[in-house]
Amino acid sequence: MSRKVLITGGTGLIGSRLADMLIDAGYEVALLSRQPSTGRYRSFRWDLNKGTLDEAAVRYADCIINLAGSSVSEGKWTDERKRDIMASRLGGTNLLAQELAKADHHVTAFISASAIGIYGDMDDRLVNEETAPAPADDFLADVAHQWELAAQQIEQLGIRTVITRIGIVLSTEGGALPQIARPTKLGAGAPLGSGKQYMSWIHRDDLCRLLIQMLEEPQWHGVYNAVAPNPITNKEFTETLAEVLHRPLVLPKVPAFGLKLMMGEMSEIVLASQRVSAEKVLRQGFTFEYPHLKPALEALYKEEPE
């Protein structure tokens, strides 16, 4: 079994937890980062602006898990911000592809992040891995599609490649959940837009366990949705969150036009409806610890003071 894992984006919300879980499972872990640290993990440096990568990083690894990408939920989507979101994903993946095209490495598996944003706004239609990407005028869909095309270069080198279309990752340590929960904690929670839009989510620990299973079992290859098997509407999500936090919901829905005024194009993140199937990962033998939203939220908030 592959024992040395190189993670890009290893200091982020997913990568930091994944690195800890891999160490606990007996793996050696190294991070590929713009700012190598002297902390718990060995680290190698890359510079996406200069297009440089420490060649020793790829030679170190048995498996690479590629999570690096600028956050889509921080700051308005100015033209410069959108360029950074796209370049941070494509630049890193292309650099890895160039290095993996050389012969002097022993990488046997490449697991790369993507996002369910590739499907665009699908209303209440249940989508799966066979559903075509949304048109390129949908920014999030275009980012995910281009990222997947970059990862497919590595598959063409004969390296087992797995692409994970990740949903809303639930964690109290970052990502979308603290932002969604903040108004609810203050007693001002409300559904967003119509409230009918579907949210496809996954508990962070389930996502990390899924990535580890993909690493360990050679039958995993190709594209998979990384979402829990029970997507839920925004209204249901908000009501469940309020129940878990023991807070009332007293406000009417937050209108879509108000969100668009505040967030601009980034409002797509909370207004687009994505009802995404987990059937393929279930058929492949993955078991979710948190298939339903309420127990997932209860597990995340059980140690937080009310």
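The following dialogue explains how to read several features of this predicted model.

Q: On what footing do the values stand?

A: The model is predicted: local features need pLDDT of at least 70, side-chain atom pairs count only at pLDDT 80 or more, and totals for chains, interfaces and linings use all residues. Residues are numbered from 1 along each chain as its sequence is written, and side-chain values use heavy atoms, with hydrogens and water left out.

Q: How is the packing of two helices described?

A: Two packed helices are described by the angle between their axes and the distance between the axes. Helices (H or I, at least four residues) and strands (E, at least two) are DSSP runs, numbered from the N terminus. Axes are lines fitted to C-alpha atoms, for helices over the stretch in contact, and angles run from 0 to 180 degrees between N-to-C directions. Here, the axes of α3 (residues 79–100) and α4 (residues 139–155) come within 8 Å and cross at roughly 5°. α3 is therefore roughly parallel to α4; angles under 35 degrees count as roughly parallel, over 145 as roughly antiparallel, 65 to 115 as roughly perpendicular and the rest as oblique.

Q: Which residues of α3 and α4 meet?

A: Contact means heavy atoms within 4.5 Å. On the α3 side, the residues include Lys82, Ile85, Met86, Arg89 and Leu90; on the α4 side, they include Phe139, Asp142, Val143, Gln146 and Trp147. The residues of this contact divide into 11 nonpolar, four polar and three charged. In this count, Ala, Val, Leu, Ile, Met, Phe, Trp, Tyr, Cys and Pro are nonpolar, Asp, Glu, Lys and Arg are charged, and the others, Gly among them, are polar. As a general guide to such lists, an α-helix has 3.6 residues a turn, so residues three or four places apart point the same way.

Q: How does the span of α3 agree with its number of residues?

A: The expected span of a helix is 1.5 Å times one less than its number of residues. For the 22 residues of α3 the expected span is 32 Å, and the end C-alpha atoms are 31 Å apart, which agrees. For the 17 residues of α4 it is 24 Å, and the end C-alpha atoms are 25 Å apart, which also agrees. α3 nevertheless bends by about 30° at alanine 87, where the bend is the angle between axes fitted to the seven residues ending there and the seven starting there.

Q: Which residues of α4 are buried, and what covers them?

A: Buried means under 20% relative accessible area, exposed over 50%, and partly exposed in between (1.4 Å probe, protein chains only). The buried residues of α4 include Phe139, Leu140, Ala141, Asp142, Trp147, Glu148 and Ile154. Their cover includes β5, α3, β6, β8 (160–166), β12 (222–226) and α9 (268–271).

Q: Is threonine 184 buried or exposed?

A: Threonine 184, in helix α5 (residues 176–185), has 1% relative accessibility and therefore counts as buried. Leaving aside neighbours within four places in sequence, threonine 184 is in contact with Gly189, Leu241, Ala242, Leu245 and Arg247. Of these, arginine 247 is found in the loop between α7 and α8 and is partly exposed, with a relative accessible area of 26%.

Q: Which residues other than glycine have a positive phi?

A: Aspartate 123 is one of them, with phi near 55°. Aspartate 123 lies in the loop between β6 (109–115) and β7 (126–127) and, at 54% relative accessibility, counts as exposed. Histidine 246 also has phi near 55°; its place is the loop between α7 (234–245) and α8 (256–263), and it is exposed, with a relative accessible area of 53%.

Q: How is separation along the chain set beside separation in space?

A: One gives the number of residues apart in sequence together with the distance from C-alpha to C-alpha. Lysine 76, in the loop between β5 (63–66) and α3, is 190 residues from methionine 266 in sequence and 6.4 Å from it in space. Lysine 76 is partly exposed, with a relative accessible area of 45%. Glutamine 179, in helix α5, and serine 73 are 106 residues apart along the chain, with their C-alpha atoms separated by 9.8 Å. By contrast, arginine 247 and methionine 21 are 226 residues apart in sequence and 33 Å apart in space.
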